[in-house]
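Colleague: I have this model open on my screen and would like to take a close look at one part of it. Could you walk me through the pockets, and then through the contacts and aromatic rings elsewhere in the chain?

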Amino acid sequence: MSNLEASFSILGQKGVMAYILKGTVFTLIIALIAVVLGIVIGSVLALCRNYCTSKKTKIFGMIATVYIEVFRNTPLLLWIFICLVFCPCPELFNRKLFGLTTVETKLLFKAAVALILFTSSVIAEIIRGGLNSIAHGQFEAGHAQGFNVVQVMIYIILPQAYRNVIPTLLSQVITTIKDSSYLANVATIELMARTKQLLSAASRYNGTGNVNVSDVFVLFGVASLIYFIINYTLSCVVRTMQKRRKRPVRVTAD
């Protein structure tokens, strides 16, 4: 049996593909959590940066601006390592979870915090672009209906802003799924980390007693294919939505 055949035989070993697919699920869950919390935090940041301009609220706008610019213009991996050192871990994650040891769970939590902080800064700018696309007359119309500032934001401005940036947000989801692979440097739960673990144990699965070059291509090739399928599917959704938004509305005369 050639080395390439031995490498492909790894995928046929009991539990290997299930191990990889579980890593894929965890990757999607981590990315989803990062995006959802990123939208919540990013919305607050975008609102503060855009509308906190008075003397009383200017400090919040300045804090939001510094937060966005610092996180957006520095590498994610840097913040992962910073969070590993300085981010405290709550008791909920200071125990065995998902088949991980206590140490691995704490590392996963801290790395996920870094991903959320980084993602929220990017999403804040996306949402701010949506806010800037709303005509000022929308504010005046809301106030004319008796809405206060908070009600205008919640019921009129933010829904329109979110609708305008949905394709861009989906593009950010794709980026976040890829960025989650940085967690492989410290955690052992997502797809890329599990691929690296399988590669380190490839000699036990391929029957040759050695880790071959072909093992690298096969295992990382499978991981790349999974990333491609997920992200290409999302890319197709984004392109479809963009085409629908650009499609002219036909008005028919009665």
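Modeller: Happy to; we can start with the pockets, go on to the rings, and finish with a few single residues and their contacts. Please keep in mind that this is a predicted model.

Let's begin with the largest pocket, whose volume is about 310 Å³. It is lined by 16 residues, and the closest to its centre are Ile 30, Ile 33, Phe 93, Leu 108 and Ala 112. Which elements each supply at least two residues of this lining? They are α2, covering 16-51, and α5, covering 102-132. Of the elements, α5 gives the most, with seven residues. As for the chemistry of the lining of the largest pocket, 15 residues are nonpolar, one is polar and none is charged.

The second largest pocket holds about 170 Å³ of space. Its lining is made up of Leu 47, Tyr 51, Phe 139, His 143, Val 149, Val 150, Val 152, Met 153, Ile 154 and Leu 158. Here the elements that give two or more residues are α2, α6 (137-144) and α7 (149-179). You will recognise α2 from the largest pocket, where it also supplies at least two lining residues. In the second largest pocket, though, the largest share of the lining comes from α7, with six residues. Sorted by class, this lining has nine nonpolar residues, one polar residue and no charged ones.

Now for the rings. A pair of aromatic rings is described by the distance of the centres and the angle of the planes. Across the whole structure, a search finds four aromatic pairs. One of them joins Phe 71 and Trp 79: the ring centres are 4.4 Å apart and the planes stand at 35 degrees, so this pair is tilted. The angle falls between the cut-offs, since planes under 30 degrees apart count as stacked and those over 60 as edge-to-face. Are these two residues buried or exposed? Phe 71 is buried, at 10% relative accessibility, and Trp 79 is buried too, with a relative accessible area of 16%. Both values fit the label because buried means under 20%. Ring pairs also bring in Tyr 67, which forms a cluster with Phe 71 and Trp 79.

Another pair is made by Phe 228 and Tyr 232, with ring centres 5.3 Å apart and planes at 15 degrees, so this pair is stacked. Both residues sit in helix α10, which spans residues 213-246, and they are four residues apart, about one turn of the helix. Phe 228 counts as exposed, at 51% relative accessibility, while Tyr 232 counts as partly exposed, at 43%. The cut-off explains the two labels, because exposed means over 50%.

There is also a charge over a ring to look at: Arg 194 lies over the face of Tyr 19, at 4.4 Å from the ring centre.

Helix α10 comes up again when we turn to contacts. Phe 220 lies in this helix and is partly exposed, with 23% relative accessibility. Leaving out residues up to four places away in sequence, Phe 220 touches Met 192, Thr 195, Lys 196 and Leu 199. Lys 196 is 24 residues from Phe 220 along the chain, and their C-alpha atoms are separated by 8.2 Å.

Thr 195 is found in helix α8, residues 191-200. With a relative accessible area of 3%, Thr 195 is buried. Beyond its neighbours up to four places away, Thr 195 touches Leu 219, Phe 220 and Ala 223.

Val 216 is in helix α10 as well, and it is partly exposed, with a relative accessible area of 34%. Setting aside neighbours within four places in sequence, Val 216 is in contact with Leu 199 and Gly 221. If you follow the chain on to Met 241, 25 residues from Val 216, the C-alpha atoms are 37 Å apart in space.

Finally, go to helix α1, residues 3-12, where you will find Leu 4. Leu 4 is partly exposed, at 46% relative accessible area. Not counting residues up to four places away, Leu 4 touches Ser 214 and Val 218. Although Leu 4 and Val 218 are 214 residues apart along the chain, their C-alpha atoms are separated by 8.2 Å.

Technical notes. Residues numbered from 1 in each chain as written. Predicted model: local features only at pLDDT ≥ 70, side-chain atom pairs only at ≥ 80, totals over all residues. Heavy atoms only, no water. 1 Å grid on protein atoms, 1.4 Å probe; cavity = no way out; pocket = protein on both sides within 12 Å on 5 of 7 lines; lining within 4 Å. Points joined across faces, edges and corners; volume = space filled by probe spheres on them. Nonpolar A, V, L, I, M, F, W, Y, C, P; charged D, E, K, R; others polar. Phe/Tyr/Trp six-rings, centres within 6.5 Å; stacked < 30°, edge-to-face > 60°. Buried < 20%, exposed > 50% of the residue type's maximum accessible area, 1.4 Å probe, protein only. Lys NZ or Arg CZ within 6 Å of the ring centre and 35° of its normal. Contact = heavy atoms within 4.5 Å.
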